[in-house]
There are 4 protein chains.
Amino acid sequence: MKKILEETIRQFIPVREENSYKGNFGRLLFVGGNDQMGGAITLSASAALHAGAGLVTVASAPVNVHALHARMPEVMFLDMYDLDTLKDMIPSMDGIVIGPGLGRDSKSVDIAKTVFETVSEEQFLVVDGDAISIYVNEKLDHPVAELIFTPHLGEWKTLSGMGPDEEALEKNQEKRDQLDAIVVLKKGQSEVYFEDEVWQNISGNPSMATGGMGDTLAGMIGSFTAQFKTRKEGVLSAVFMHSQIANQLSETHYVTLPTLIIDEIPKLMKEYTKSI
Amino acid sequence: MKKILEETIRQFIPVREENSYKGNFGRLLFVGGNDQMGGAITLSASAALHAGAGLVTVASAPVNVHALHARMPEVMFLDMYDLDTLKDMIPSMDGIVIGPGLGRDSKSVDIAKTVFETVSEEQFLVVDGDAISIYVNEKLDHPVAELIFTPHLGEWKTLSGMGPDEEALEKNQEKRDQLDAIVVLKKGQSEVYFEDEVWQNISGNPSMATGGMGDTLAGMIGSFTAQFKTRKEGVLSAVFMHSQIANQLSETHYVTLPTLIIDEIPKLMKEYTKSI
Amino acid sequence: MKKILEETIRQFIPVREENSYKGNFGRLLFVGGNDQMGGAITLSASAALHAGAGLVTVASAPVNVHALHARMPEVMFLDMYDLDTLKDMIPSMDGIVIGPGLGRDSKSVDIAKTVFETVSEEQFLVVDGDAISIYVNEKLDHPVAELIFTPHLGEWKTLSGMGPDEEALEKNQEKRDQLDAIVVLKKGQSEVYFEDEVWQNISGNPSMATGGMGDTLAGMIGSFTAQFKTRKEGVLSAVFMHSQIANQLSETHYVTLPTLIIDEIPKLMKEYTKSI
Amino acid sequence: MKKILEETIRQFIPVREENSYKGNFGRLLFVGGNDQMGGAITLSASAALHAGAGLVTVASAPVNVHALHARMPEVMFLDMYDLDTLKDMIPSMDGIVIGPGLGRDSKSVDIAKTVFETVSEEQFLVVDGDAISIYVNEKLDHPVAELIFTPHLGEWKTLSGMGPDEEALEKNQEKRDQLDAIVVLKKGQSEVYFEDEVWQNISGNPSMATGGMGDTLAGMIGSFTAQFKTRKEGVLSAVFMHSQIANQLSETHYVTLPTLIIDEIPKLMKEYTKSI
């Protein structure tokens with residue numbers, strides 16, 4: 001298992017070409033946020049925006065548009081329960097992040113099915129939170145898009161079907177092969193499973209143990225995946241920098257809230273593109 | 001009456017263990033905020049979040065979800081008038097804070113009754129503001145949860161049934177015994193009554209005399225109680241640090257608004273965990 | 001005409017007594033903000049809150065509660081079209097500010113009439129913006145409360161009935177006598193008319209020529225009037241400090257937006273209470 | 001093609017006269033923001049406000065009032081679907097910015113038609129985003145107001161009817177003559193076409209390639225056009241300073257979000273008015 005190190009990640013951050021335009025940095029769709037959990041999708045989309053995604057659209061419950069635009073006038077909004085419009089919107093995207101605050105009721109299931117069935121081979125799909133549960137419970141077919149699952153340990157049990165004490169490097173790799181996906185297994189020291197190798201995040205600290213942290217990471221993963229040279233570089237950089245920002249903030253903060261972390265993303269990205 | 005001193009409180013702030021997760025730091029439910037007073041429950045929940053609570057859910061009037069999520073996408077929302085869902089939600093919580101902006105009409109009474117009847121022995125319940133009035137006026141039974149009352153002087157008269165000039169250390173202790181609760185008596189120099197001892201807060205200043213300050217304190221009490229080694233350490237630390245932050249801010253601010261105080265909580269907590 | 005000088009104002013800021021509570025610093029009601037102009041009453045109430053008012057309630061159009069609480073969870077809300085509740089609320093107040101964004105349609109007129117008829121001799125009433133127009137157009141009786149009018153030059157013509165070129169110190173004084181009110185005449189160098197003397201504000205600069213500045217001043221006047229030793233000291237300090245903050249900000253800002261000014265109020269107040 | 005240089009722009013920023021009032025700095029109406037894209041018109045209006053516009057009103061979909069006032073209580077709101085009120089409001093304005101987030105459905109077309117037909121010769125009209133498409137698709141008559149088009153390259157093709165590779169300096173000038181308008185052609189190094197000359201913006205960097213950047217620029221153009229000595233000075237200064245702020249922010253930020261840029265406008269304007 002390789003360790004994710006700062007000197008490696010520093011080299012992954014792409015230097016933007018002159019005369020690039022927003023379309024070069026990813027059109028991303030975020031799907032989630034029901035009537036109770038609109039904050040989750042807001043955090044996720046906000047992380048993506050601050051991480052450089054070119055154009056961010058959020059499909060969520062209508063009640064969430066007010067807070068979303070109060071925090072981020074930069075994003076566009078869509079009623080996620082309007083499945084036809086959702087379906088029409090998907091083909092224009094480079095990637096989709098589904099799950100944060102999505103809920104698991106029948107309406108949420110319909111949304112997930114629509115997204116899973118509509119995505120294409122050229123797109124990537126980050127599957128987080130409730131979307132993982134729906135994928136398993138509804139026995140959905142593997143979508144044709146490139147998949148990135150971001151389960152925490154409990155969700156990984158569900159997704160892999162392993163027993164409580166079975167989780168281990170090799171078993172995880174086997175399961176990843178069956179899933180045919182990148183798997184970001186979130187725990188104390190998160191592990192990232194690719195087809196050919198496994199990486200471990202040794203950054204991070206317990207000030208991050210607070211609600212919304214996973215939603216934030218999922219947003220960063222989506223944003224970096226759309227922008228970076230390879231999927232691998234994008235996912236690894238997101239996992240590392242998310243923790244690294246929390247490490248820096250934790251020098252002065254007992255708890256490092258997601259909204260604080262999000263504001264720091266553009267700064268650490270910039271710092272990493274400067275030569276040392 | 002013991003005085004709450006900074007050197008004592010510094011030792012109470014727990015150092016978080018590596019590999020902890022958000023569930024370790026408390027699942028808290030905030031109940032309050034009617035159509036007029038949604039800001040009160042927002043302040044309370046925000047204080048709890050910044051004070052390190054692992055997972056914060058707010059049950060409030062539907063109108064309040066917009067401002068709540070605009071300020072704090074990290075929290076989850078619940079319609080407090082949906083009593084069945086409220087009842088279903090309570091068992092998964094470590095503690096509940098009820099009262100800020102709750103109101104006293106019949107719908108508020110129904111909510112308070114639901115919460116008081118549903119809590120269990122393993123949970124703690126912070127009873128603040130309007131929930132104190134409802135508890136007295138409706139002659140509610142003592143709930144089985146551990147109770148923490150946070151009355152200001154006027155509410156204490158109501159709660160204790162004492163006459164205007166009767167309030168005094170021993171009488172307060174007697175009444176606390178009857179209530180079988182921790183009592184945080186908010187006044188110029190707040191007093192905290194436990195079963196075995198009484199503490200006095202000598203921190204604080206008149207810049208704190210502004211609306212929403214009590215809601216903020218109730219949130220900190222809930223958050224610290226869920227995280228600290230003992231109930232006593234949690235409550236005393238909340239009372240002291242709330243005032244201590246106001247003391248620091250008052251060096252540059254004539255009035256120290258709750259929203260300003262809340263932003264400082266993670267910083268003072270961090271400072272206190274560092275060796276001097 | 002006396003000039004308002006910094007050394008005078010510094011002595012007006014009251015030093016808060018230990019063991020004071022929020023009731024000592026004024027219960028204020030703000031009435032205004034229709035469907036189009038909700039921002040005006042939000043600015044006014046926000047200025048009052050930051051200027052130290054103990055308890056702020058805003059009566060406004062229902063649509064405005066979201067933005068109000070997103071910006072200021074510290075305040076309470078009331079539907080201003082619910083005249084019965086408005087009437088019930090007024091007696092518990094120390095002062096009322098009416099006018100910012102109120103509008104002039106028949107519903108706004110009904111609100112103004114309700115407020116003007118309900119206030120009592122012990123209260124003060126700041127009449128700003130649209131409430132000035134309604135007072136004149138509807139020929140309302142002089143309310144029994146202490147009146148403070150805050151007209152700009154155009155509104156002063158309406159209020160005084162003077163012709164376009166008639167405005168002059170003595171005429172203004174005469175008219176003030178008839179109005180039996182304190183008059184803050186807002187212009188380049190604002191003038192404040194009391195029963196016994198006239199003061200001129202020589203602070204201020206053209207970076208303040210932006211929307212919402214008058215609403216902000218009205219809020220500061222209400223807040224200071226409730227807290228300061230005399231009405232005169234409160235009104236003069238508000239007029240001066242509002243401009244003085246803009247002067248300080250204008251060293252680094254081409255335009256000094258009301259929201260920026262408001263954040264600085266508690267800091268300048270604190271600075272002025274420190275010995276030089 | 002002249003290059004826009006900092007030393008030139010510094011001389012364009014007007015020094016505000018003492019005793020000016022908000023009416024001197026432009027009454028501006030912003031029209032746009034449907035149910036999905038309310039953030040776009042919020043950004044545009046916010047840029048105008050921070051760039052010194054005296055009085056800003058936003059006509060938008062009703063759903064957007066909450067986020068708008070949560071971010072900017074300084075502006076007034078109007079339901080853009082209420083065409084009669086929209087029509088009544090226009091004559092009192094100095095200039096109108098139409099297009100950001102407007103949408104292109106039949107209701108949006110009706111709004112655009114109303115604005116185009118109601119503006120007068122004394123007013124200027126900035127036509128951005130969807131309003132450009134509607135202007136072309138609906139073959140609208142050239143309004144009598146002074147026109148400023150702000151197309152990106154794709155919109156310019158539509159507006160000029162040129163083929164994909166035809167765009168070139170002289171052709172652009174010809175087309176500008178036919179349009180009888182100032183044209184701000186947004187691209188890597190934006191070009192500004194006036195009747196008598198063409199300017200090129202050499203400021204800017206790829207951190208600006210993010211959603212909402214064009215909306216922000218349109219707002220600055222509207223604001224400066226209303227305030228500056230000539231249309232030319234206003235438009236050129238907006239184009240340059242928008243990029244220049246992004247250049248400064250990009251020293252510490254990988255992506256320079258519009259909301260960050262907007263906050264800096266009053267500071268750079270102030271800096272430029274100071275002698276070097």
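1. Exposed surface. In this predicted model, chain A exposes about 10000 Å². Carbon and sulfur atoms supply 45% of that exposed area.

2. Burial. Chain A has 276 residues, and 64% of them count as buried. The cut-off behind this figure is a relative accessible area under 20%.

3. Fold content and overall dimensions. Eleven helices and ten strands make up the secondary-structure elements listed for chain A. Its radius of gyration is 17 Å, close to the 19 Å that the globule rule gives for 276 residues, so chain A is as compact as a globular protein of that length. The C-alpha trace of chain A spans about 50 × 45 × 35 Å along its principal axes.

4. Contacts within chain A. Taking the contacts with a separation of 6 or more, 67% join residues that are 24 or more positions apart.

5. Charges. Chain A carries 24 positive and 39 negative charges. The mean positions of these two sets are 3 Å apart.

6. Interface with chain B. The contact involves 30 residues of chain A and 33 residues of chain B. About 2400 Å² is buried between the two chains, and carbon and sulfur atoms give 62% of this area. On the chain B side, Arg16(B), Pro73(B) and Glu74(B) supply 26% of the area that chain B buries against chain A, more than any other three residues.

Notes: Residues numbered from 1 in each chain as written. Chains lettered and ligands numbered in written order. Predicted model: local features only at pLDDT ≥ 70, side-chain atom pairs only at ≥ 80, totals over all residues. Heavy atoms only, no water. Helix = DSSP H or I, 4+ residues; strand = E, 2+ residues; numbered from the N terminus. Rg over C-alpha atoms; globule rule 2.2 N^0.38 Å. Buried < 20%, exposed > 50% of the residue type's maximum accessible area, 1.4 Å probe, protein only. Contact = heavy atoms within 4.5 Å. Areas by Shrake-Rupley, 256 points an atom, 1.4 Å probe, with all protein chains shown as cover. Lys, Arg positive; Asp, Glu negative; His and termini not counted. Charge placed at Lys NZ, Arg CZ, Asp CG, Glu CD. Buried area = accessible area lost by both parts, 1.4 Å probe.
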